[in-house]
Amino acid sequence: MTAAYPALRLRRTRAHGWSRRLHAENVLTAADLIWPLFVTEGEGVEEPIATLPGVSRWSVDLVVARAREAHALGIACLALFPNTQRERRSDDGAEALNPDNLMCRAIRAIKAAVPEIGVLTDVALDPYTAHGHDGLIDAAGYVMNDATVAVLIEQSLNQARAGADIIAPSDMMDGRVGLIRTALERDGHANVQIMSYAAKYASAFYGPFRDAVGSRGLLKGDKTTYQMDPANAEEALREVALDLAEGADSVMVKPGLPYLDIVRRVKDRFEVPVFAYQVSGEYAMIEAAVAAGAADRDAMVLETLLAFKRAGCSGVLTYHAAHAARLLAAR
Ligand code: PBG
């Protein structure tokens, strides 16, 4: 039995700020944020990324400074992506397995300087391949599943040995989560987590990211034979079920805002930690709207991030992480 108007007025609890705060069903904190950072060679180097205004690639020394900043702001975790030099890219992406590659040096430097912050590392070959694909390709340009997984296992071990806390396979190969988990256990990394990019769509929203890691100009064709079709939702549930059965500790949906329906369905169905990646194209859309005078950045950043919480996310990967954390601290 519910009361009816005028006994019931939903505006009553919205009438004052204290009451709105009291009735808030969801809350965003800095600890909900994962901050993706791009790493480049050199020292004292900051390279702004034209298609991601406000985001830069940082040399290892400066990425450590970002890690200190993030920790001071209460951000829980960083996600690292390397911009591998052109001459170190090859068809087999072998640089991914080099224990002294840019990625491993960044992990070690961050874990030495700021051990309290989590470090998530992407597992996929696209920052290392000359053709820009996430895996190994055959003569026809098809990304081969099992041959790729064999390399991804080694890439995961390379990152875990450097000190990565969360291994995040973003490649969408079949069967890789279970094989990576087995390899991590055997290699003594029982507490290294796997956050699988379980439902990752072949999306038009990744463009600026590919500029950031330097793979856009290299990519031959598209990623539709491994990443998911934006038309599909049931298939996302199957992907999530498989990754969980294989031992994923948490799952990710990507992109973010256009796929909140998937986040909600995954959360309701599986009741496991779900994360979403507010990807580069989403960041660029917000910044373009701000630049056009069409939006208030601060309000839009906080509203979109809160929407992820409402949809069921435990946390969000966002390029706005430091900005959002500063806004939250000032409230
Ligand atoms: C690599 C990877 C991509 C992103 C994260 N990891 C790009 C892609 O799959 O092409 C995109 C992130 C973003 O757009 O911010 N496998």
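Which residue stands opposite Ser250 in S8? In this predicted model, the residue facing Ser250 of S8 is Met195. This briefing treats the surroundings of strand S8 and then a selection of salt bridges, of which the structure holds 18.

**Strand S8 and its neighbours**

- Strand S8 spans residues 250–254 and is mostly covered, with 5 of its 5 residues buried.
- The cover extends to both faces of S8: Ser250, Met252 and Lys254 are buried on one side, and Val251 and Val253 are buried on the other.
- Strand S7, residues 193–200, pairs with S8 in the parallel sense over 5 bridges.
- S8 also pairs in the parallel sense with strand S9, residues 274–278, over 3 bridges.
- In the pairing with S9, Val253 stands opposite Ala276.
- Helix H8, residues 260–270, joins S8 and S9 in a right-handed β-α-β unit.

**Salt bridge within helix H2**

- Glu69 and Arg66 meet through their side chains in a salt bridge, at 2.7 Å from N to O.
- Both residues belong to helix H2, residues 60–72, where they are 3 residues apart, about one turn of the helix.
- Glu69 counts as partly exposed because its relative accessibility is 24%, whereas Arg66 counts as buried because its value is 16%, the cut-off for buried being under 20%.

**Salt bridge between two loops**

- The side chains of Asp126 and Lys223 form a salt bridge, with an N to O distance of 3.6 Å.
- Asp126 is in the loop between strand S5 (118–123) and helix H4 (145–162), and Lys223 is in the loop between helix H6 (207–212) and helix H7 (234–245), so the pair ties together parts that are 97 residues apart in sequence.
- Asp126 counts as buried at 5% relative accessibility, and Lys223 counts as buried at 4%.

**Salt bridge between helices H9 and H10**

- Glu287 and Arg297 form a salt bridge in which the closest N and O atoms are 2.7 Å apart.
- Because Glu287 lies in helix H9 (residues 280–291) and Arg297 in helix H10 (residues 297–311), this pair ties together parts that are 10 residues apart in sequence.
- Glu287 is buried, with a relative accessible area of 8%, while Arg297 is partly exposed, with a relative accessible area of 30%.

**A shared network**

- Salt bridges with shared partners link Arg66, Glu69 and Arg326 into one network.

Definitions and conventions. Residues numbered from 1 in each chain as written. Predicted model: local features only at pLDDT ≥ 70, side-chain atom pairs only at ≥ 80, totals over all residues. Heavy atoms only, no water. Buried < 20%, exposed > 50% of the residue type's maximum accessible area, 1.4 Å probe, protein only. Helix = DSSP H or I, 4+ residues; strand = E, 2+ residues; numbered from the N terminus. Pairing = 2+ DSSP bridges. Right-handed = clockwise from strand over helix to strand, strands pointing away. Salt bridge = Lys/Arg side-chain N within 4 Å of Asp/Glu carboxyl O.
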